[in-house]
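Grab a pencil and have a look at the fold below. The exercises go from helix packing to a single residue, each with a worked solution.

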Amino acid sequence: MEEGKADGLLAHLEMLEMRAHEAAVKKEEMQRQEEKLARLKARVQELRLQRDELRAKVDLQQKGQLGKEGVVSDPAQPNAQAVLEWKIKSLKAMLQIFYLTGISSKLTKRGVCFSISTAYEGTYLDSYHLDLLTQPEVRIQRHSVPIFIPLEQIAKKYLQTDIRRFMSVLSDHLNAYVGRRYQADQLQEHFSDQIEGALQRNSLCNLLVFNYNVSSQSKTFLFNARLLYGDLCSILPTEVVISCTPDAPASLAEMAGAHSDLFRHVALHKAFRSFRSAKESVSGAP
């Protein structure tokens, strides 16, 4: 009789976990839509910049063809002042695009100083700074980017050809890193009662290993979790391995599979929040 009651509670727990999972997935989807909208707005600004650049080039060609005295000049040699004004206008438009994506900047005597603000779930986390020299070629003068972020590889790929792309990719890496770190911190801070031992993580927080308690049939068992974030621009793991102790009942294997799927789609601390809510609901059930 008691075993049947325990099985019923376990089924109820799994149902609540599924509902919590669905609600969390919907919320994550809404956040992704908001991020997509922000990217689209930035893309609109970028296209407007490209349009303005084309217009400016046409204007420069026209000004180059007509000199001060109305004499036709070489169209390939436009007025130096007009060229300077066009470059300044283009740079200011580019900085406005960065502002929309959480990147602020200011012009310096020798280049541009950027500040990348990172956040997760609307919570401001850290800012990283980057000074670029633009003469004779674009290069990094100084920065505060963590050593484990692949800045050198990103710079080698984009810095000389597309500064906008370079800053965008660097921002993606930094925001993903602080997002993963934030999740691990939240897990340790708010769910230490469910974690057995220390949470192991590397500097980049793209590998997390920890043990956590799972209750079943009035007993407590340990699940071991290994989360690998193969995509360094993602806050969700690409590979999740959940294993349980050999003496765990067969029903826990299905729960481990459900947990694995949840970790792939929902932020780590949100997954544990859903576990706790489901457990409390079962405890309070008549």
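**Helices, sheet and one loop residue**

Helix H4 (residues 163-190) lies across E5 and E6, and its direction is at about 160 degrees to E5. Keep in mind that this is a predicted model.

**Exercise 1.** Work out which strands helix H5 lies across.

*Solution.* Start with the helix: H5 covers residues 251-265. Now look at what sits against it: H5 lies across E6, strand E7 (219-228) and E8. For the direction, take E6 as the reference; H5 runs at about 140 degrees to it.

**Exercise 2.** Put the strands of the sheet in order, then explain why E5 and E8 have one side without a neighbour.

*Solution.* First, the order: the open sheet has four strands, arranged E5-E6-E7-E8, with antiparallel pairing. Next, find the edges: these are strand E5 (195-201) and strand E8 (239-244). Each has a single partner strand, so one side of each is left with no neighbour in the sheet. Going from one strand to the next, the twist averages 20 degrees.

**Exercise 3.** Zoom in on E5 and E6: how many bridges pair them?

*Solution.* Strand E6 spans residues 207-216, and it pairs with E5 in the antiparallel sense over four bridges. To get your bearings, find Glu196, which stands opposite Asn211 in E6.

**Exercise 4.** Decide whether Cys205 is buried or exposed.

*Solution.* Locate it first: Cys205 is in the loop between E5 and E6. Then check its relative accessibility, which is 3%. The cut-off for buried is under 20%, so Cys205 counts as buried. One more thing to spot is its backbone: phi of Cys205 is near 55 degrees, a positive value in a residue other than glycine.

Key
Residues are numbered from 1 along each chain as its sequence is written. This is a predicted model: local features need pLDDT of at least 70, side-chain atom pairs count only at pLDDT 80 or more; totals for chains, interfaces and linings use all residues. Side-chain values use heavy atoms; hydrogens and water are left out. Two strands pair if DSSP finds at least two bridges between them. Helices (H or I, at least four residues) and strands (E, at least two) are DSSP runs, numbered from the N terminus. Axes are lines fitted to C-alpha atoms, for helices over the stretch in contact, and angles run from 0 to 180 degrees between N-to-C directions. Contact means heavy atoms within 4.5 Å. Buried means under 20% relative accessible area, exposed over 50%, partly exposed in between (1.4 Å probe, protein chains only).
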